[in-house]
Amino acid sequence: MQALPDFKNITTFIFDVDGVLTDGTLLAFSTGEQARAFNIKDGYAIKHALKQGYRVAIISGRNEAGVRKRLESLDVKDIYLGVENKLDTFQNYAYYYGIDPDTVVFMGDDMPDLEVMQHCGISACPADAAIDICDISHYVASAEGGKGAVRELIEMVMKLQKRW
């Protein structure tokens, strides 16, 4: 069993989409649309965190209108899709809002997330993340991507801060 990281100073959650908020499955339609399935419990946790004053941001390499609409329906304002350099986006986001990177937990699942995970306060990943990502993560969720990993992380942080 892994020791829990010190979540007491976390104020901001940042998530990748594919493999974190979804299970990584893409359904490609003849129209060109690419659909994904999101976990409703992850969505509840995101909305709850926002209501409790936490910042929530999304940084994803892919850019799909359906993903943006889902995130907007959860009241997420800081949505960065189609990002080529996630570290630059992370650093610009932190600078713009005056966020200390040490107060950020970032959950990613694959190599495009690696650099951000090395520059945030706490790195986290779903149970089914790539091996190299699991190896550098401070917290590996028991749930897989798209199956409650986001909820698990948010709930754990908020409970440890007595805000859930």
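1. Start with E155. E155 is buried, at a relative accessible area of 18%. The cut-off for buried is under 20%, so E155 falls on the buried side with its 18%. E155 sits in helix α6, which covers residues 149-160. The side chain of E155 has a polar contact with the side chain of K159, at 2.7 Å. Keep in mind that this is a predicted model.

2. Next, the sheet. Six strands make up an open sheet, and their pairing is parallel. The order runs β5-β4-β1-β6-β7-β8. Strands β5 (78-80) and β8 are at the edges. Each has a single partner strand, so one side of each has no neighbour in the sheet.

3. Now look at strand β7, residues 122-125. I122 and A124 point one way, while S123 and C125 point the other way. All four residues named here are buried. On one pairing, β7 meets strand β6 (residues 104-107) in the parallel sense, over three bridges. F106 stands opposite S123 of β7. On another pairing, β7 meets strand β8 (residues 139-140), again in the parallel sense, over two bridges. There, A124 has Y139 of β8 as its bridge partner.

4. The link from β7 to β8 deserves a look. Helix α5, residues 131-136, joins β7 and β8 in a β-α-β unit. This unit is right-handed.

5. Then the packing. The largest nonpolar core counts 32 residues. F13, F15, M107, L153 and I154 have the most contacts inside this core. Several elements give two or more residues to it: β1, α1 (40-51), β4 (55-59), α2 (65-73), β6, β7 and α6. Which element gives the most to this core? Helix α6 does, with six residues. A second core, separate from the largest one, has 17 residues. Among them are L87, F90, A94 and F106.

6. I154 shows how this packing works out for a single residue. With neighbours within four places in sequence set aside, I154 is in contact with F13, F15, A45, I46, A49 and W164. F13 and F15 also appear, with I154, among the residues that have the most contacts inside the largest core.

7. G43 belongs to helix α1. Is G43 buried or exposed? G43 counts as buried, because its relative accessibility is 4% and the limit is under 20%. Outside its neighbours within four places in sequence, G43 is in contact with R70 and L74. G43 and V150 are 107 residues apart in sequence. In space, their C-alpha atoms are 8.5 Å apart.

8. Last, a position with an annotation. D18 is covered by the UniProt annotation "binding site", which comes from an unreviewed entry. D18 lies in the loop between β1 (12-15) and β2 (27-28). D18 counts as buried, at 17% relative accessibility. Beyond its neighbours within four places in sequence, D18 is in contact with R36, R62 and D109. With R36 there is also a polar contact, side chain to side chain, at 2.5 Å.

How values were computed
Residues numbered from 1 in each chain as written. Predicted model: local features only at pLDDT ≥ 70, side-chain atom pairs only at ≥ 80, totals over all residues. Heavy atoms only, no water. Buried < 20%, exposed > 50% of the residue type's maximum accessible area, 1.4 Å probe, protein only. Polar contact = N/O pair within 3.5 Å; in protein donor to acceptor, adjacent residues only side chain to side chain. UniProt positions renumbered as here; feature names shortened; annotations may be inferred. Contact = heavy atoms within 4.5 Å. Pairing = 2+ DSSP bridges. Right-handed = clockwise from strand over helix to strand, strands pointing away. Core = buried A, V, L, I, M, F, W, Y, C linked by side-chain atoms within 4.5 Å.
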